[in-house]
Amino acid sequence: MVERKVRWGILATGGIAAAFAADLVDLPDAEIAAVASRRRESAEAFAERFGAARAYGDWESLAADGNVDVVYVATPHSAHRAAAGLCLEAGRNVLCEKPFTLNLRETEELVALAREHDRFLMEAMWMYCNPLVRRLKALVDDGAIGEVRTVQADFGLAGPFPRAHRLRDPALGGGALLDLGVYPVSFAQLLLGEPDAVAGSAVLSPEGVDLQTGAVLSWESGAMAALHCSIVGGTGGTASVTGARGRIDVPSGFFHPERFVLHRDGRDPEEFTADPADGPRSTLRHEAVEVMRALRAGEKESPLVPLEGSLAVMRTLDAVRERIGVRYPGDAATVAVG
């Protein structure tokens with residue numbers, strides 16, 4: 001693999017799969033080798049669009065394809081456990097879309113399968129691979145604003161989404177929290193680690209999914225995070241990190257920012273901007289590059305998106321859901337609470 005292109009399989013053919021494939025096409029060391037869908041016609045159309053050599057009308061054939069180095073799982077998150085598990089059991093490495101699964105139990109099962117079969121596994125939390133987000137984290141870790149005291153972040157879509165939409169469907173893991181809230185939660189935990197206490201409140205739909213959710217996370221250090229997500233109101237996608245000696249503000253799109261501003265006591269504000277060479281802010285290429293780097297290095301997980309971090313985020317999401325009363329058909333008898 002070191003001296004040839006990394007051969008990707010794409011499992012599912014929806015919008016996020018197409019966005020990822022479009023970025024792969026632009027990477028000289030990547031090749032889209034195969035695609036799978038439950039509808040062969042969809043797989044064939046996707047393969048023709050992005051130049052994949054093989055198209056399968058079932059997931060099993062892709063999982064069994066020994067000429068695929070890594071599979072990108074782009075199904076709705078209600079199917080992540082089944083799709084990623086199938087690939088891991090067949091000996092494929094896996095990049096699985098966020099949120100990793102519906103709940104902690106399913107994430108634990110995927111991590112166990114990856115370790116049992118000695119395969120690479122990573123959640124596609126592209127925010128963690130974004131160069132400007134990595135710069136922000138480095139500044140915080142280096143003490144640029146002192147000890148972190150508060151984190152604020154929001155992500156909301158205006159909607160309205162009809163009842164038939166996947167975001168309103170409990171069977172598909174619908175609601176704001178898993179689809180959008182995973183970003184504010186992951187951002188807070190990127191900077192502060194797993195919280196020691198979780199509180200939450202939500203407005204639920206008639207179907208029982210959350211239309212909007214607010215969560216407060218707290219740590220024994222005294223730090224707190226105030227987080228919000230919504231599928232009934234478009235928010236600015238802003239974030240702010242306040243420390244003992246300063247603050248970092250991300251004015252919009254905190255999970256793929258164009259810029260952020262560092263405020264330090266006694267100094268003029270400093271603006272950090274994205275490098276145009278890194279591509280458009282919506283690109284998924286950075287997570288693909290990280291996966292290929294890790295595979296060539298023989299690593300079984302990424303230090304940028306470690307499995308323990310993904311498990312910790314799922315514990316928090318489960319805890320919030322327990323507080324707000326959202327359950328899915330795919331949940332275990334009891335939801336794990338972090």
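**Entry 1: the cysteines**

I began with Cys 87 and found that this residue counts as buried, at 0% relative accessibility. I note here that the model is a predicted one. Cys 96 is in no disulfide, and the nearest cysteine sulfur to its own is that of Cys 87, 9.2 Å away. Cys 96 is also buried, with a relative accessible area of 0%.

I then asked how many disulfides the structure holds. The count is 0. A disulfide is a covalent bond between the sulfur atoms of two cysteines. For Cys 87, the closest cysteine sulfur is the one in Cys 96, and the distance of 9.2 Å is too far for a bond. The cut-off I applied is that the two sulfur atoms must lie within 2.5 Å.

**Entry 2: the nonpolar core**

I next looked up the largest nonpolar core, which has 118 residues. Which members touch the most other members? They are Trp 8, Ile 10, Phe 20, Leu 24, Leu 121, Phe 187 and Phe 254. Helix α8, which runs over residues 176-192, gives the largest share of this core, with 11 residues.

I followed Leu 24 further. Leaving out residues up to four places away in sequence, I listed its contacts as Trp 8, Ile 10, Ala 30, Ile 32 and Ala 288. Two of these, Trp 8 and Ile 10, stand with Leu 24 itself among the core members that touch the most others.

**Entry 3: aromatic rings**

I counted the aromatic pairs and obtained 10. One of them joins Phe 254 and Phe 255; their ring centres are 5.5 Å apart, the planes meet at 90°, and the pair is edge-to-face. The pair counts as edge-to-face because its planes are over 60 degrees apart.

Are the two partners buried or exposed? Phe 254 is buried, with a relative accessible area of 1%, and Phe 255 is buried as well, at 8%. I also recorded a cluster in which ring pairs link Trp 126, Phe 155, Tyr 183, Phe 187, Phe 254 and Phe 255.

A separate item concerns a charge and a ring. The charged end of Arg 38 sits over the ring of Trp 59, at 3.9 Å from the ring centre.

**Entry 4: Asp 23**

I located Asp 23 in helix α1, which covers residues 15-25. Asp 23 has a relative accessible area of 17% and is buried; it counts as such because the limit is under 20%.

What does the side chain of Asp 23 reach? It reaches the backbone nitrogen of Leu 284, at 2.6 Å. Apart from residues up to four places away in sequence, Asp 23 touches Thr 283, Leu 284 and Arg 285. I also checked His 286, which is 263 residues from Asp 23 in sequence, while their C-alpha atoms are 9.3 Å apart in space.

**Entry 5: Asp 154**

Asp 154 is in strand β7, residues 148-156. I found this residue to be buried, at 14% relative accessibility.

Its side chain has two backbone partners in my notes. The backbone nitrogen of Gly 237 lies 2.9 Å from a polar atom of the Asp 154 side chain, and the side chain of Asp 154 reaches the backbone nitrogen of Gly 236 at 3.5 Å. Setting aside neighbours within four places in sequence, I listed the contacts of Asp 154 as Pro 184, His 228, Thr 235, Gly 236, Gly 237, Thr 238 and Phe 254. Phe 254 appears here again, having already been noted in the aromatic cluster.

**Entry 6: two threonines**

I looked up Thr 213 and placed it in strand β9, residues 210-218. Thr 213 is buried, with a relative accessible area of 2%. Its side chain makes a polar contact of 2.7 Å with the side chain of Asp 210. Beyond residues up to four places away in sequence, Thr 213 touches Ser 201, Ala 202, Leu 227, His 228, Cys 229, Val 320 and Ile 324. His 228 is also in the contact list of Asp 154.

Thr 316 lies in helix α10, residues 307-324. Thr 316 counts as buried, at 2% relative accessibility. Not counting residues up to four places away in sequence, Thr 316 touches Val 185, Gln 189, Pro 195, Val 198 and Leu 217.

Where does Tyr 56 stand relative to Thr 316? The two are 260 residues apart in sequence and 36 Å apart in space, C-alpha to C-alpha.

Terms used. Residues numbered from 1 in each chain as written. Predicted model: local features only at pLDDT ≥ 70, side-chain atom pairs only at ≥ 80, totals over all residues. Heavy atoms only, no water. Core = buried A, V, L, I, M, F, W, Y, C linked by side-chain atoms within 4.5 Å. Buried < 20%, exposed > 50% of the residue type's maximum accessible area, 1.4 Å probe, protein only. Helix = DSSP H or I, 4+ residues; strand = E, 2+ residues; numbered from the N terminus. Contact = heavy atoms within 4.5 Å. Phe/Tyr/Trp six-rings, centres within 6.5 Å; stacked < 30°, edge-to-face > 60°. Lys NZ or Arg CZ within 6 Å of the ring centre and 35° of its normal. Polar contact = N/O pair within 3.5 Å; in protein donor to acceptor, adjacent residues only side chain to side chain.
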